[in-house]
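Here is a short briefing on how this chain packs its nonpolar residues and two of its helices. Have a look at the model first, then read on.

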Amino acid sequence: MACHSLIYTHPHPRLPPDPPLTLQPSSSAAASYYRQNLPTLNFHYKKLQGCNFHTRRKSVVCSMAAENKVISGDRMLVFVPPHPLIKHWVSVLRNEQTPCPVFKNAMAELGRLLMYEASRDWLPTIAGEIQSPMGIASVEFVDPREPIAIVPILRAGLALAEHASSVLPATKTYHLGVSRNEETLQPFVYLNKLPDKFPEGSRVIVVDPMLATGGTIVAAIDLIKERGVDNSHIKVVCAVAAPPALTKLSEKFPRLHVYAGILDPTVNEKGFIIPGLGDAGDRSFGT
């Protein structure tokens, strides 16, 4: 089955209006890999003026309110925000000399930024009026009656999800422990704190730092979908993603949204992303 993902990224303000490939997963070799080996992963750019979207194959003009509908359709979307702070924290995570406490903090800060991006135009709100010190003001709050479900995949997901409550005013956290057999690379669930059924319309953010072979994240999303959540109401937040995981996700979960700090080109025979950042769990917790 062909991969139906679509990658969408904002250009850097200093780039020309119709720039060359700026996604830069980690190097020019990585960018080349994605262009050559995942041709159905379409790279999108957002112009600074108005809301015209340019692709390598065609241009799409849309209103801001309808941009996701026009761009995505039934495809999976992969967002790689080019914010300088995201690049900074990814660089800290990559450095093999980064000590455990600093690594864990960098993972938490990266998670904060990616969750901010993931929650854009996605949070239910309520509007009304309040009395300010100077008069009546129209206001809009995030609706506390519809908390976002955060599902960190243990154990490394705990570090990436650490600041979720500082970004999202209303959350519920459901822990999911999924480990990978180091020989077969197959996942198995050892802890499941998901509810028997999610409330109708629930929005779920699944947090897993490393999307490598894709077995763990696919198993996690399967469990969530079994509990009544539609693909379009699930978002994945990760530090690093690689082609095998993205391909599996796109084939199985159309309309899924993935937010990644960076994309890397390969996974080795042991299931580790190259160049990656090592074992995120070990480096976060020192064990």
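**Nonpolar cores**

The largest nonpolar core (buried Ala, Val, Leu, Ile, Met, Phe, Trp, Tyr and Cys residues joined through side-chain atoms within 4.5 Å; buried means under 20% relative accessible area with a 1.4 Å probe, protein chains only) holds 37 residues, and M107, L110, I150, I205, V237 and L277 have the most contacts inside it. The model is predicted: local features need pLDDT of at least 70, side-chain atom pairs count only at pLDDT 80 or more, and totals for chains, interfaces and linings use all residues. Residues are numbered from 1 along each chain as its sequence is written, and side-chain values use heavy atoms, leaving out hydrogens and water.

- Elements giving two or more residues to this core include α3 (84-94), α4 (100-118), β8 (148-154) and β14 (234-241).
- The largest share of this core, 8 residues, comes from α4.
- Leaving aside residues up to four places away in sequence, L110 touches (heavy atoms within 4.5 Å) I86, W89, V90, L93, L160 and A239.
- Another core, of 33 residues, lies apart from it, with M76, F198, A245 and L256 among its members.

**Helices α7 and α8**

- In α8 (residues 243-252), P243, A245, L246, L249 and S250 are buried.
- These buried residues line one face of α8, because they fall within an arc of 160 degrees seen down its axis (using directions from the helix axis to the C-beta atoms).
- Helix α7 (residues 215-225) packs against α8 at an angle of about 25 degrees, with axes 9 Å apart.
- The two helices, α7 and α8, are therefore roughly parallel (angles under 35 degrees).
- From α7, G215, I217, V218, I221 and D222 meet K248, L249 and K252 of α8.

How values were computed: Buried means under 20% relative accessible area, exposed over 50%, partly exposed in between (1.4 Å probe, protein chains only). Helices (H or I, at least four residues) and strands (E, at least two) are DSSP runs, numbered from the N terminus. Axes are lines fitted to C-alpha atoms, for helices over the stretch in contact, and angles run from 0 to 180 degrees between N-to-C directions. Angles under 35 degrees count as roughly parallel, over 145 as roughly antiparallel, 65 to 115 as roughly perpendicular and the rest as oblique.
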